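Please open the model in your viewer and keep the selection tool at hand, as this tour goes from one stop to the next.

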Amino acid sequence: MQPRPVQESQTTITELMIPSYANFGGKIHGGILLSLMDKVAYATASKHAGTYCVTVSVDKVEFLQPVEVGELVSLKASVNYVGRTSLIVGIRVEAQNVKTSVIKHTNSCFFTMVAKDDNNKPTEVPPLILENNEDIKRFIESMRMKEIKQKVREEMDDAKSSVDVANAKELLRDERCVINVKG
Ligand SMILES: CC(C)(COP(=O)(O)OP(=O)(O)OC[C@H]1O[C@@H](n2cnc3c(N)ncnc32)[C@H](O)[C@@H]1OP(=O)(O)O)[C@@H](O)C(=O)NCCC(=O)NCCS
């Protein structure tokens with residue numbers, strides 16, 4: 001399978017934030033931004049894979065700064081890492097105030113996508129050609145993130161299976177809850 005450079009699949013989507021995208025507080029709905037992130041992740045992953053791709057997991061989506069109606073939101077995406085059938089797409093989200101030209105970085109997040117064949121089975125993706133230090137850095141960061149996520153998944157499974165309800169009173173003494181089990 002022919003390797004492909006990062007640059008070949010890099011994708012940017014820019015969209016104007018119109019009033020119908022706003023929530024009751026007048027800011028842009030998180031769901032609108034999530035949908036744009038999913039679109040750009042799909043476009044980037046499928047350009048690299050040359051097949052249809054699905055979203056498997058989403059990391060580091062945080063809405064720390066609100067996006068306003070009238071701002072131009074740009075989502076810049078690159079394939080940071082490829083496994084056998086999976087790809088990690090990094091997305092930088094920026095919002096530009098068109099009047100002042102001030103650009104704020106609202107979020108950087110990571111979407112794991114899996115390439116699918118015509119029978120809906122995971123299918124191999126081309127290796128990634130890393131052409132500069134930034135490409136190399138992102139690939140190594142993603143490898144580490146993948147390892148950390150695997151450990152967290154295992155620890156969460158352990159945590160779930162080892163919950164001791166009999167000890168709840170002691171365990172929850174300082175928490176903001178009231179145990180009110182009847183019978
Ligand atoms: C994701 C999916 C393809 C995994 O299927 P599977 O039969 O478990 O396939 P595999 O075990 O061969 O895993 C395929 C790849 O997914 C990766 N993967 C599986 N679960 C994962 C998870 N929770 N997080 C990150 N990667 C994951 C595997 O590491 C593997 O990557 P690799 O080939 O690069 O090593 C399958 O669960 C699926 O189709 N899910 C629905 C996705 C979808 O429809 N998304 C749209 C949103 S609803």
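## A walk through the model

Select Asp157, which is partly exposed, with a relative accessible area of 48%, and bear in mind throughout that the model is predicted. Asp157 belongs to helix α3, which covers residues 133-161. Now add Glu154, Glu155 and Asp158 to the selection, and together with Asp157 you will have a negative surface patch.

Next, go to helix α2, residues 30-49, where you can check the span for yourself: at 1.5 Å a residue its 20 residues should cover 28 Å, and the C-alpha atoms at its ends are indeed 28 Å apart, so the two values agree. While α2 is still selected, colour its buried residues, which are Leu33, Leu36, Met37, Val40, Ala41, Thr44, Ala45, Ser46, His48 and Ala49. Then step just past the end of α2 to Gly50, which takes a positive phi of about 75 degrees.

From there, move to the loop between β5 (86-96) and β6 (103-116), and select Ser101. Although Ser101 is not a glycine, its phi is positive, near 65 degrees. Ser101 is partly exposed, because its relative accessible area of 45% lies between the 20% limit for buried and the 50% limit for exposed residues.

For the last stop, follow the chain to the loop between β6 and β7 (128-129), where Asn120 has its place. Asn120, again a residue other than glycine, has a positive phi near 65 degrees, and with a relative accessible area of 46% Asn120 is partly exposed.

Conventions:
Residues are numbered from 1 along each chain as its sequence is written. This is a predicted model: local features need pLDDT of at least 70, side-chain atom pairs count only at pLDDT 80 or more; totals for chains, interfaces and linings use all residues. Side-chain values use heavy atoms; hydrogens and water are left out. Patches are made of residues with over 30% relative accessible area and no salt bridge: like charges are joined within 9 Å, nonpolar side chains (Val, Leu, Ile, Met, Phe, Trp, Tyr) within 5 Å. Accessible areas come from the Shrake-Rupley method with a 1.4 Å probe; for residues, only the protein chains shown count as cover. A salt bridge is a side-chain nitrogen of Lys or Arg within 4 Å of a carboxyl oxygen of Asp or Glu. Lys and Arg count as positive and Asp and Glu as negative; His and the chain ends are not counted. The place of a charge is taken as NZ of Lys, CZ of Arg, CG of Asp or CD of Glu. Helices (H or I, at least four residues) and strands (E, at least two) are DSSP runs, numbered from the N terminus. Buried means under 20% relative accessible area, exposed over 50%, partly exposed in between (1.4 Å probe, protein chains only). The expected span of a helix is 1.5 Å times one less than its number of residues.
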